[in-house]
Amino acid sequence: MHRARIIGVSVFLAILSVVVSLGLACYLAWMLAINSTHQRLEALAQIASHQADVTLREASTALKTLAALPLAPCTAEGIDQMRLIALNVHSVKSVGYVEEEVFVCSSWGTVGKHVAPWPEDFTTADGVRVSVNVEPRIAPSKPMMALQYAAFNVLVDPKQFLEVALDDNVKLAIAASSGHLVGASSAGLDKILALFHGGSHAGLADGYLYALVGRGDWIAVAAVSRDEIWSDLRRAEWLLLPFGAITAMLLLIMIWRGAKRQLSPLAELKRAVQQHEFVAHYQPIMDLYNEHCVGAEVLVRWQQPDGNLVSPLQFIPLAEHSGLILPITDQVIDEVMRDLGPALAADPRLHVSINLSAADVDSGRFMPVLHAAMGKSRVRPAQVWLEVTEGGLVDIERARHVLENARASGHCVAIDDFGTGYSSLKHLQELPLDVLKLDKAFIDRINSDGQPCPVTEQIMQMANRLGLEMVAEGVEQAHQIDSLKAHHVRFAQGWYFAKAMRASEFLRFYREHLPSPEPLALATSA
Ligand code: C2E
Ligand code: CA
Ligand code: CA
């Protein structure tokens, strides 16, 4: 259930990171394409408006120069001057002189023709009157722009305004600030030019990405069609998609690592500690002389959310290695007191035997935890036995001190698994002990005639000599019991009597195997 959630969340995050990374790369590519195109367009529009300004100023200067000449207009000299200007000033195509609606002369010579005045579109700040779209008066040709000052006028080719180096795909248009279109490289930009008065300077409209620039008397627009941007976009995508893919890969690796860490046995165990997933089972301990139940060994199980019970053999080594055994011991102690506290308080003959790891003994913290759990209940310390294994004890001196304290408080101390690892007889003498638990491995070596193997026999004799009470573990057959009794082993546990069970079942078992009325008294003065 929990694993499925972690896997589900990881898969979701993996998909999200791929979508977001690639999506972000595409979005950045789009922004990049738009930005670079927009910058290009704005630069072109700037150049175009500047060009318009220069053209207007050049033509205006030429007009004013003529008007200021101290020559009578339309004399041979005056016409020469007009012709010089038409030839030398790049933007000026021709020059004319009109007085009282009579076209008197032009840069080509005397004319003397009655003409209608051109409609004026706007007047510049320095008094030049501009007619954007006029029919030339000398010979019919394409529409021109006319500038008039005093009686002089010049004609300017509107193409002049668009003399900007353009990419094939860019469209350009120039309008007077009054809105009159002066020139356009292609049709269809009028609507965009009109947007300028609405305050817009850039954007997407009418299928075009555009930039509008206003300068002096002019508005310039440069635009590319949306389709053109796609090719820029594809270029930017080629550049950015590998980054998106690398980011996605990095995120996927991080998610995979995170999931692996969360799914690791250690992470699972940590979560189990946080969720208090440990339950105590109780294996009855019997008095072999009368087959009465006198107590129980507490054996922890990890109950996973799906109800699966995990054996301590599978998680205690990891818990000990990682230090998680300390909170697990705390939880076991709490649970034992919750499960059996009232029964223990009510019946002084009953005891529980709690397993401690080397780290518990080294830290000594089980003592305050135990006493807090026992609290104000009337559980006697002698009813709580503590099982310690000598293997793993780093500091024997420290262990001795902690166990002496425990015994001084009234608890019984048992040595567990003695003889199974690198046991030391010295430890047996150094540690303050009341009970020796005979491991199942030794009980298994009692043959069917009831004869224990020499090692088992020696351990039993030694325990007797040291005045230690014995509890035999893993008793499965009747002949083992006879042999154990013959060697003064008083207590035993094992499947012959009962397996470990839940608290309620144990209490029922206990009632069915009630001990003698006398409380069990063990010597606690080793
Ligand atoms: P142990 O302390 O030597 O516990 C006895 C083990 O032998 C238990 O296994 C018990 O179920 C099993 N056993 C008892 N009678 C028989 C029998 O007749 N036949 C067979 N085949 N097995 C029998 P379990 O419960 O799997 O516990 C294994 C070990 O886990 C324990 O060995 C103990 O070292 C550790 N352990 C269990 N509970 C705790 C705990 O609360 N704290 C700590 N630190 N260790 C624990
Ligand atoms: Ca034990
Ligand atoms: Ca044992």
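How are the donor residues of the calcium ion (ligand 2) spaced in sequence? The spacing is E-x57-N-x31-E-x28-D.

The views below show a predicted model, in which local features need pLDDT of at least 70 and side-chain atom pairs count only at pLDDT 80 or more, while totals for chains, interfaces and linings use all residues. Residues are numbered from 1 along each chain as its sequence is written, chains are lettered from A and ligands numbered from 1 in the order in which they are written, and side-chain values use heavy atoms, with hydrogens and water left out.

**View 1. The calcium ion (ligand 2) and its protein donors.** E297 (OE), N355 (OD1), E387 (OE) and D416 (OD) lie 2.1 to 2.3 Å from the ion. Donors are N, O and S atoms within 2.8 Å of the metal (3.2 Å for Na, K and Ca); water is not among the atoms, so sites may look incomplete. Two of these residues, E387 in strand β17 (residues 384-389) and D416 in strand β18 (residues 412-418), are 29 residues apart, and the pair links distant parts of the chain. Strands (E, at least two residues) and helices (H or I, at least four) are DSSP runs, numbered from the N terminus. E387 is buried, at 0% relative accessible area, and D416 is buried at 6%. Buried means under 20% relative accessible area, exposed over 50%, and partly exposed in between (1.4 Å probe, protein chains only).

**View 2. The calcium ion (ligand 3) and the bridge to the calcium ion (ligand 2).** The protein donors of ligand 3 are D416 (OD), D417 (OD) and E473, the last listed with two OE entries, at 2.2 to 2.7 Å. Along the chain these donors follow the spacing D-D-x55-E. D416 lies in strand β18 and E473 in the loop between β20 (469-472) and α14 (478-486), so the pair ties together parts that are 57 residues apart in sequence. Both D416 and E473 are buried. D416 bridges the two calcium ions, which lie 4.3 Å apart.

**View 3. Ligand 1 and the residues around it.** The shell holds 23 residues (each with a heavy atom within 4 Å of the ligand). The closest are Q283, R301, S357, E476 and W495. A polar side-chain atom of E476 is 2.6 Å from a nitrogen atom of ligand 1. Oxygen atoms of the ligand lie 3.1 Å from a side-chain N or O atom of D416 and 3.3 Å from one of N355. The protein covers 84% of the 790 Å² of accessible area that ligand 1 has on its own (Shrake-Rupley method, 1.4 Å probe).

**View 4. Elements that form the shell around ligand 1.** Those giving two or more residues are β14 (292-303), α6 (312-322), α7 (325-346), β16 (351-356) and β18. Strand β14 gives the most, with four residues.

**View 5. Two residues with positive phi, E101 and A150.** Most residues other than glycine have a negative phi. Phi of E101 is near 60 degrees, and E101 sits in the loop between β1 (92-99) and β2 (102-106). This residue is partly exposed, at 39% relative accessible area. Phi of A150 is near 50 degrees, and A150 is in the loop between β6 (144-149) and β7 (152-156). At 52% relative accessibility, A150 is exposed.

Conventions
Polar contact = N/O pair within 3.5 Å; in protein donor to acceptor, adjacent residues only side chain to side chain.
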